[in-house]
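Welcome! Here are some short exercises, each followed by a worked solution. Try each one with the structure in view before reading on.

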Amino acid sequence: MYVAVKGGESAIKNSQELLAEERRGDKNVKELTLDQIQNQLSLSLDRVMAEASLYDRELAALAVKQSCGDLVEAIFLLRAYRTTLPRFGTTVPIETANMSIRRRISATFKDLPGGQVLGPSFDYTHRLLDFSLAANGDVPEAMEADGTVDRNMPRVTDLLNNEGLIEEETAEDDNEPFDLTRESLKFPADRPARLQNLARGDEGFLLALAYSTQRGWGRNHPFAGEIRMGELSIEFIPDELGFSIEIGEITITECQMINQFKGSSDIPAQFTRGYGLSFGHNERKTMAMGIVDRALRTRELDEHVQAPAQDEEFVLSHSCNVEASGFVQHLKLPHYVDFQSELVTVRALRGEANIDKTNIVKPISDIAATE
Amino acid sequence: MKRANEQKNRTTEINRRSWLSILAKSPLSEIQALWNKLELNPEWELIRKPEIGMVMVQGRTGGNGKAFNLGEVTITRAAVRLKNGNAGLSYVQGRSKKQAELCAVLDAMLQTPASHLQIFDNLITPLKETLEELRAQRSKKAANTKVNFFTMARGH
């Protein structure tokens, strides 16, 4: 238990001033602008926006600057800011088939309608440090093809679905989906609730869980059916208009995981689905999300929960890094009263046992010193 | 007559959707530059002061299934009334109150027959062209990374 403390005001103020100075660093070096962060640290912003679950590039850049580049701290800042804003409503669900594609790959089909577009990717770089960047080298302009990418880029899962080779996606319905920003998560959680939780969940946590399934802890044999990244318009129906209008454009990454079969006496064997979706260009995150989404579908697919990644209460209760870092880091705050009571207890216990001091197990360092 | 009216309403709706979309997606600096060139000085009052808020973006499971909440986007809205009585509104991504107010004024002027053509031709059309150019450029750069993988025969 944490008992509030008083005092320390001037030390805290001085500590914050010191932090501000450290953040600024050497004043002979030019100060970072939000524009620079937005343009040159774009993947940091994408992670911050996704996990803060607020899309605003400028604010995400500010959060990254304020947190000295500590992204979990930046996520916390942006998450806190979003609680100050009113919500005007909900968009029309985005249609990822209409995305203006900048990247689209499939690890399952080499020839697919619309083709494979690598886009900007680290995938085929050699992961060797590029010292020309240290020398502020000029970057050549990327070449343009004669034509644009194909307008018709069907989702790979829709192609498989046409053949009945993959399970049908859950049907659309008119029910408002669960919203964990409005009500607390209850178990069992339905798929929309799980996906909202995973979409804002910590990338590192989801990555480790996804990896654990690949190593045998709840194996589900995933293939990256399709990964696509690009821009999508968002549409909203203002009450005063009664028809939908586009209110902006966001970058989105989507991953369709295709997993091994499920069949029964009624339904012949079919591939099963795992889905990842994220604000920004967040490929590792959406892939991990797709694998974990599939792992969590044990009830729908009649599987036994055998591994951590399949346990929805374990996964969904520990995925939020704002909650997790808050609870772990609160241990740094003064716990003096609390600890005093523990001291009293442990002394009393020892008094009762009337311990012979010569019998105390010595710390290892002492043993080493005497031997 | 009724049918003709309905048709007219549909057309207005489609046009209005289109210009509200273009205004929402264009950067303030470009809208402002084109607006300044027009040298118009309309008077308006605020029906709704520019207000910053959010909308929740929804996705669908598997891209086409049940809706779920993905996360929120910042949005600014405003509503104005011109002296001629025509009202306009705006919903614009981001947190620019200035853009929201200017876009609402433009929406009202675009609904005013006397100013419609001037605004449409000198502001909406060039903004639309810029957006389309940017989109085409982005797409052509992506198209230049289109890949053909070959599978290799393995083993004997």
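**Exercise 1.** In β3(B), which residue is the bridge partner of B:Thr76?

*Solution.* Bear in mind from the start that this is a predicted model.
- Step 1: Find the two strands. β2(B) pairs with β3 (residues 87–93) of chain B in the antiparallel sense, over seven bridges.
- Step 2: Look across from B:Thr76 into β3(B); the bridge partner there is B:Val92.
- Step 3: Follow the chain between the strands. β2(B) and β3(B) form a hairpin with four residues between them, and B:Gly85 in the turn has a positive phi of about 100 degrees.

**Exercise 2.** Find the strand that 14 bridges join to β2(B), and say how the two run.

*Solution.*
- Step 1: The strand is β1 (residues 44–60) of chain B, and β1(B) and β2(B) run antiparallel.
- Step 2: Pick out one pair as a landmark: B:Gln58 has B:Asn69 of β2(B) as its bridge partner.
- Step 3: Trace the link. A hairpin is formed by β1(B) and β2(B), with six residues between them. In its turn, B:Gly62 has a positive phi of about 65 degrees.
- Step 4: Check how covered β2(B) is. This strand, residues 67–82, is mostly covered, with 14 of its 16 residues buried.

**Exercise 3.** Describe how chain B is put together, and decide whether it is a compact globule or more spread out.

*Solution.*
- Step 1: List the elements. Chain B has four helices and four strands, and from the N terminus on they run α-α-β-β-β-α-α-β.
- Step 2: Compare the radius of gyration with the globule rule. The value for chain B is 21 Å, well over the 15 Å that the rule gives for 156 residues, so chain B is more spread out than a compact globule.
- Step 3: Look at the spans. Along its principal axes, the C-alpha trace of chain B covers about 85 × 40 × 35 Å.
- Step 4: Add burial and contacts. Of the 156 residues in chain B, 39% are buried. Among contacts in chain B between residues at least 6 apart in sequence, 51% join residues at least 24 apart.
- Step 5: Note the confidence. Chain B has a mean pLDDT of 92, and 91% of its residues reach 70 or more.

**Exercise 4.** Work out how many residues each chain gives to the contact, and which element of chain A gives the largest share.

*Solution.*
- Step 1: Count each side: 65 residues come from chain A and 51 residues from chain B.
- Step 2: Find the main contributor. β6(A) gives eight residues, the largest share of the side of chain A that touches chain B.
- Step 3: Sort that side by residue type: 30 are nonpolar, 16 polar and 19 charged.
- Step 4: Look for strands that pair across the chains. β1(A) and β2(B) pair in the parallel sense over two bridges, with A:Leu54 opposite B:Glu72 in β2(B). Two bridges also join β4(A) to β4 (residues 146–147) of chain B, and these strands run antiparallel. Here A:Gln116 stands opposite B:Val147.
- Step 5: Check the predictor's scores for the complex: an ipTM of 0.92 and a pTM of 0.92.

**Exercise 5.** Name two strands of chain A that pair with β6(A), and decide whether β6(A) is enclosed or open.

*Solution.*
- Step 1: One partner is β5(A), antiparallel to β6(A) over 13 bridges. In this pairing, A:Arg228 has A:Glu254 of β6(A) as its bridge partner.
- Step 2: Another partner is β7(A), joined to β6(A) by nine bridges and also running antiparallel. A:Ile252 stands opposite A:Phe279 in β7(A).
- Step 3: Count buried residues. In β6(A), 14 of the 18 residues are buried, so the strand is largely enclosed by the rest of the structure.

**Exercise 6.** Check whether the length of α13(A) agrees with the expected span, and find out how many of its residues are buried.

*Solution.*
- Step 1: Take the helix, residues 336–353 of chain A. At 1.5 Å a residue, its 18 residues should span 26 Å.
- Step 2: Compare the ends. The end C-alpha atoms of α13(A) are 26 Å apart, which agrees.
- Step 3: Count burial. The number of buried residues in α13(A) is zero, so this helix lies largely in the open.
- Step 4: Step past the end of the helix. A:Asn354 follows α13(A) and has a positive phi, near 50 degrees.

Note on methods. Residues numbered from 1 in each chain as written. Chains lettered and ligands numbered in written order. Predicted model: local features only at pLDDT ≥ 70, side-chain atom pairs only at ≥ 80, totals over all residues. Contact = placed C-beta atoms within 7 Å. Nonpolar A, V, L, I, M, F, W, Y, C, P; charged D, E, K, R; others polar. Pairing = 2+ DSSP bridges. Buried ≥ 20, exposed ≤ 12 C-beta atoms within 10 Å, placed from the backbone. Expected span 1.5 Å × (residues − 1). pLDDT = per-residue confidence, 0-100. Rg over C-alpha atoms; globule rule 2.2 N^0.38 Å.
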